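Colleague: Before I rely on the terms used for this protein, I should like to see the reasoning behind each of them. Could we go through them in turn?

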Amino acid sequence: MDPITAPSLAQLINRASRALARDGDNTLKPLGLRYAQVPVLALLREGAELTQKDLAEATGIEQPSMAQLLARMDRDGLIHRTPHPRDARSQAIALTPTGGARVTDAHDRLAALDSRAVAGFTADEIGILRDLLTRVGNNLDRTNGTLTDEPAAPRSND
């Protein structure tokens, strides 16, 4: 393929990401969940009570988008908010029993989606893909100032 017309790495990664998000939404729809909610559900599933700011920072979701996401989750009965015990300007956010019950099923469905996404890959290839995507993300985070450690060393194939 001509290097001018060949998709760039960024385009290929974006295509895969969009496909995963689309299929993730379809996979989670029967549970009344959206793929974008998964990082929040994962952070709250251990019984933690976090603030909107904590969730935004941990997930990399911008504050306004996180506010909208949490409003929908609150409306759908997945989370509840209470006054934060140490910061009157904030609310502590936790999973409701309904939200907690859906986390395990969502995890199982998304594990099946992961398996479909790497169908035909060997375990070594999956490990290499995981390492490479982690390094790409770290490189971009470092460029944006959100990660300060040294670039990951190339993985050896010993």
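The exchange below takes several descriptive terms and sets each against its criterion.

Modeller: Please note at the outset that this is a predicted model. The chain has six helices and two strands, and their order along the sequence is α-α-α-α-β-β-α-α.

Colleague: Why is glutamine 37 called buried?

Modeller: Its relative accessible area is 2%, and buried means under 20%. Glutamine 37 therefore counts as buried. This residue sits in the loop between helix H1 (9–28) and H2.

Colleague: What makes the approach of glutamine 37 to arginine 34 a polar contact?

Modeller: A polar atom of the glutamine 37 side chain is 2.8 Å from the backbone nitrogen of arginine 34. The limit for a pair of N or O atoms is 3.5 Å, and the distance of 2.8 Å falls within that limit. Beyond four places in sequence, glutamine 37 also touches Gly32, Leu69, Met73 and Leu78.

Colleague: Which residues does methionine 73 contact in its turn?

Modeller: With neighbours within four places set aside, methionine 73 is in contact with Gln37, Val40, Leu41, Leu78 and Ile79. Met73 is also listed, with Val40 and Leu70, among the residues with the most contacts inside the largest nonpolar core, which has 20 residues. At least two residues of this core come from each of helix H2 (38–44), helix H3 (52–59), helix H4 (63–75), strand S2 (91–95) and helix H5 (97–117).

Colleague: How do you know that threonine 51 is buried or exposed?

Modeller: The relative accessibility of threonine 51 is 9%. As the cut-off for buried is under 20%, threonine 51 is therefore classed as buried. Threonine 51 lies in the loop between H2 and H3 and, not counting residues up to four places away, touches His84, Ser90, Gln91 and Ile93. Its C-alpha atom is 9.8 Å from that of proline 83, a residue 32 places away along the chain.

Colleague: What describes the packing of H3 and H4?

Modeller: H3 and H4 pack at about 115°, and their axes are 9 Å apart. The crossing of H3 past H4 is right-handed. On the H3 side the contact is formed by Gln52, Lys53, Leu55, Ala56 and Thr59, and on the H4 side by Gln63, Met66, Ala67 and Leu70.

Colleague: How many residues of that contact are nonpolar, polar or charged?

Modeller: Five are nonpolar, three are polar and one is charged. Lysine is in the charged class, so Lys53 of H3 is the charged residue.

Methods. Residues numbered from 1 in each chain as written. Predicted model: local features only at pLDDT ≥ 70, side-chain atom pairs only at ≥ 80, totals over all residues. Heavy atoms only, no water. Core = buried A, V, L, I, M, F, W, Y, C linked by side-chain atoms within 4.5 Å. Buried < 20%, exposed > 50% of the residue type's maximum accessible area, 1.4 Å probe, protein only. Helix = DSSP H or I, 4+ residues; strand = E, 2+ residues; numbered from the N terminus. Contact = heavy atoms within 4.5 Å. Axes fitted to C-alpha atoms, helices over the stretch in contact; angles between N-to-C directions. Left-handed = near helix turned anticlockwise from the far one by under 90°. Polar contact = N/O pair within 3.5 Å; in protein donor to acceptor, adjacent residues only side chain to side chain.
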